[in-house]
Amino acid sequence: MKKTDNFFIIHNFNTVPTDLTRLCNDCIIYDCSTDSAVKPELRRMGLKVRDVENTGHNITTYFSYFAQNYDELPEVMCLLKGNMIGRHCSREFFEQVYDDKSFTFLYDEKQYWDKFSRYRGNGEKNELGNTFLAMENVYVEKNDSWYVESPNHPKKYFNDPDDLLRFIYKKPMIPQYFMFAPGACYIVRREQIRRHSREFYLNLNKIMNYGMNPGFPSEAHQIERILPILFNSLSEVNDYMNDEAAFEAKLPECSAYIQYKYENRPRKFKKLRQMLGLIV
């Protein structure tokens, strides 16, 4: 297959992603592998490799690249995970779209088509659920923040994407459903990234990179769901999003809000039980 001029930004963990690198003329691999055999192999192949901390997810890698190369961004970038093929999309699908020049969701799981489509294979209608497909590669999920209570992904600054969107934008539209690519892999254009400042991406990384205890922060799950909004929305952001010092000064308020809601949660439930007559 021909190689694309699209620039591949690959977040890599314990993989030698030759099924990706064979398709591009240029790429950079941000590697956080713990497998001692991977790093020497990547360098033996003559690839541009940058060793990075394992934050548990790939979005901080993309945002770091945007900030570090802001003035010289490639025209079209593929945001990829080293293990994307076979996990988030099929080889067949990626080979069809890897040279696209417009915003593209890199997600394709045909095994779910019967479950998520309007009609099942037998012709019967599916009921609308909390998740479905808007297109073969566009995953849609109800904005119910089901994942934010996971003990494996603690939250420090934001309870849910609603709070996060209100923090980022001055007058956000809070959607009932999020349309995104599970795994956070996309093809994006330079002008989409430059909708926001260098500082914008550095600031967002600060709320996704405060440790693995035990897993990556809930805020990374939240940003995964709003990535298409960040890449496409024309809404005005709050001023502190473009100022690192102002942003950092604002974050303690977010932490205090999380703590307040946590401390008052039992009190609220007690009041509700009283209203229902379950306790006196």
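Is Asn-143 buried or exposed? I should like to begin there, noting that what we have before us is a predicted model. Asn-143 has a relative accessibility of 16% and therefore counts as buried, since buried means under 20% relative accessible area.

Allow me to place this residue. Asn-143 sits in the loop that runs between strand 7 (138-142) and helix 6 (161-168). A polar atom of the Asn-143 side chain lies 3.0 Å from the backbone oxygen of Pro-175. If we set aside neighbours within four places in sequence, the residues in contact with Asn-143 are Pro-161, Asp-162, Ile-174, Pro-175, Gln-176, Tyr-177 and Phe-178. Pro-175 thus appears both in that list of contacts and as the owner of the backbone oxygen 3.0 Å from the side chain.

I turn now to backbone angles, and to two further residues. Asn-14 is not a glycine, yet its phi is positive, at about 55°. The loop that holds Asn-14 connects strand 1 (7-12) and helix 1 (18-21). With a relative accessibility of 30%, Asn-14 counts as partly exposed.

The second residue is Ala-184. Here too the residue is other than glycine and phi is positive, with a value near 60°. Ala-184 belongs to the loop between strand 8 (177-180) and strand 9 (186-189). Which class of accessibility does Ala-184 fall into at 1%? Ala-184 counts as buried, because its relative accessibility is 1%.

To close, I return to the opening residue: Asn-143 is a buried residue in a loop, with a side-chain polar atom 3.0 Å from the backbone oxygen of Pro-175.

How values were computed
Residues numbered from 1 in each chain as written. Predicted model: local features only at pLDDT ≥ 70, side-chain atom pairs only at ≥ 80, totals over all residues. Heavy atoms only, no water. Helix = DSSP H or I, 4+ residues; strand = E, 2+ residues; numbered from the N terminus. Buried < 20%, exposed > 50% of the residue type's maximum accessible area, 1.4 Å probe, protein only. Polar contact = N/O pair within 3.5 Å; in protein donor to acceptor, adjacent residues only side chain to side chain. Contact = heavy atoms within 4.5 Å.
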